[in-house]
Amino acid sequence: MQTSPNPAPPPDNALEIAGLTKIYAGGKRALDGVTLNVPRGMVFGLLGPNGAGKSTLINILAGLVNKTGGRAKIWDIDIDANPRDARGAIGIVPQELNIDPFFTPRELLDLQAGLYGVPAKARRTMEILEAVGLADKADAYARTLSGGMRRRLLVAKALVHSPPVLVLDEPTAGVDIELRQGLWAYVRALNAQGTTVVLTTHYLQEAEELCDRIAIINRGKLVADESKSALLARLDAKELRLTVDRDLAAVPAALAAFGAKLEGARLLLVPYRPSRTKAADILAAVAAAGVGIADLSTRESDLEDVFLQLVRQAA
Ligand code: ADP
Ligand code: MG
């Protein structure tokens, strides 16, 4: 937790972003009036295709990119009015894996703790390295670390000042599946201990697995900001897949009314809206048509569908 001498009650929102705009020197409008709150205590996903503006937003919070317009508060601290304290409330794991190759993890963490004014006796260097699975590499040169280890070292570096908000920019790009699981487990554990986590990703599955709430940006504009379940429910589209017990020449008339399609001779694909149609009604229609069912499954709409739909609408 924070080492403030006079601890104020924690804010409701870990991040408050209002009308955030960025136009790069060349004229590229990377963010176009983004307004977004990240409630305290969440794992919050910021999704968007490549080039959407995710890193630009993160880098503004990190103090690495100057915004063109708008406001941002981190843990209730305005980044313009009080940039130093604002930076102290956030830990950022950048997208780029730039680590000085001639430092060891232990040295890097000590250096970072010094930069943030963490007193020697309050440092948790080994505890953090252990948590990210790098304790045995504490004294190895960074250049000898694999990509996955470097990523974890960057996570460790972002945590030395115990920030209440941790932001990870595309944390699992280039990280193999096993390490990804390990990283997620650690992120979940940090969140369970009270750290608000924001992650950007263009892997939908990652967001679906981890995030409580999801915002989507496309071409610098916010196109969604909802709880994950609301976002998924918005689609209201499922598909019933029925393998029938005999070859069919055509979709039975009773099922044609549902918009069913025949794939091959035995697979019937029946789209339906769960809010309006019960799967049982479709099954009853199949039975009424005198067709037996050998097997069945349903396909849920997933974030991929929502994402494509929203990005298409916003294009
Ligand atoms: P994301 O992280 O979502 O992939 P970025 O924030 O990196 O998106 O980029 C948003 C847009 O801004 C892209 O079109 C990108 O090419 C452009 N951009 C990013 N950084 C710079 C820069 N330093 N100068 C000019 N344009 C930039
Ligand atoms: Mg990026």
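1. The largest nonpolar core of this predicted model has 44 residues, of which Leu-153, Val-155, Leu-168, Ile-214, Ile-216 and Leu-231 touch the most other members. A second core, separate from that one, comprises 31 residues, among them Ala-14, Leu-15, Ile-74 and Ile-217. In soluble globular proteins, nonpolar side chains tend to be buried together.

2. Leu-231 merits a point of its own. Neighbours within four places in sequence aside, Leu-231 is in contact with Ile-214, Ile-216, Ala-224, Glu-226, Leu-303, Val-306 and Leu-310. Two of these partners, Ile-214 and Ile-216, are named with Leu-231 among the core residues that touch the most other members.

3. As to the chain overall, its secondary structure amounts to 11 helices and 14 strands. Of its 315 residues, 43% count as buried. The C-alpha atoms fill a box of roughly 80 × 45 × 40 Å along the principal axes. When contacts between residues at least 6 apart in sequence are considered, 68% of them join residues at least 24 apart.

4. An open sheet is formed by 4 strands in the order β2-β1-β4-β5, with antiparallel pairing. Its edge strands are β2 and β5 (77-78), each of which pairs on one side only. Strand β4 (residues 69-74) pairs with β5 in the antiparallel sense over 2 bridges, and Lys-73 stands opposite Asp-78 in β5.

5. The other end of this sheet order holds a hairpin. Strands β1 (residues 13-23) and β2 (residues 29-39) run antiparallel and are joined by 8 bridges; Ile-23 has Arg-29 in β2 as its bridge partner. The hairpin has 5 residues between its strands, and Gly-27 takes a positive phi near 105° there.

6. Which residues surround ligand 1? They are Tyr-24, Lys-28, Ala-30, Pro-49, Asn-50, Gly-51, Ala-52, Gly-53, Lys-54, Ser-55 and Thr-56. Backbone atoms take part in several short distances to ligand oxygens. A backbone N or O atom of Gly-51 lies 2.7 Å from an oxygen atom of ligand 1. For a polar backbone atom of Gly-53 the distance to a ligand 1 oxygen is 3.0 Å, and for one of Ser-55 it is 2.9 Å.

7. Ser-55 also serves the metal site: the magnesium ion (ligand 2) is coordinated by Ser-55 (OG) and Gln-95 (OE1), at 2.1 to 2.2 Å. The two residues are 40 apart and link distant parts of the chain, with Ser-55 in helix α1 (residues 54-62) and Gln-95 in the loop between β6 (90-93) and α3 (105-115). Gln-95 counts as partly exposed because its relative accessibility is 30%, between the limits of 20% and 50%.

8. Is helix α1 largely enclosed or largely open? It is largely enclosed by the rest of the structure, because 7 of its 9 residues are buried. The buried residues are Lys-54, Thr-56, Leu-57, Ile-58, Ile-60, Leu-61 and Ala-62. Of these, Lys-54 and Thr-56 are also listed around ligand 1. Just after α1, Gly-63 takes a positive phi of about 80°.

9. A final point concerns Ala-189, which is found in helix α6 (residues 177-192). With a relative accessibility of 31%, Ala-189 counts as partly exposed. Its C-alpha atom is separated by 22 Å from that of Arg-106, the two residues being 83 apart along the chain.

How values were computed. Residues are numbered from 1 along each chain as its sequence is written. Chains are lettered from A and ligands numbered from 1 in the order in which they are written. This is a predicted model: local features need pLDDT of at least 70, side-chain atom pairs count only at pLDDT 80 or more; totals for chains, interfaces and linings use all residues. Side-chain values use heavy atoms; hydrogens and water are left out. Donors are N, O and S atoms within 2.8 Å of the metal (3.2 Å for Na, K and Ca); water is not among the atoms, so sites may look incomplete. Buried means under 20% relative accessible area, exposed over 50%, partly exposed in between (1.4 Å probe, protein chains only). Two strands pair if DSSP finds at least two bridges between them. A nonpolar core is a set of buried Ala, Val, Leu, Ile, Met, Phe, Trp, Tyr and Cys residues joined through side-chain atoms within 4.5 Å. Contact means heavy atoms within 4.5 Å. A residue is near a molecule or strand if one of its heavy atoms lies within 4 Å of it. A polar contact is a pair of N or O atoms within 3.5 Å; within protein, one must be able to donate a hydrogen and the other to accept it, and residues adjacent in sequence count only if both atoms are side-chain atoms.
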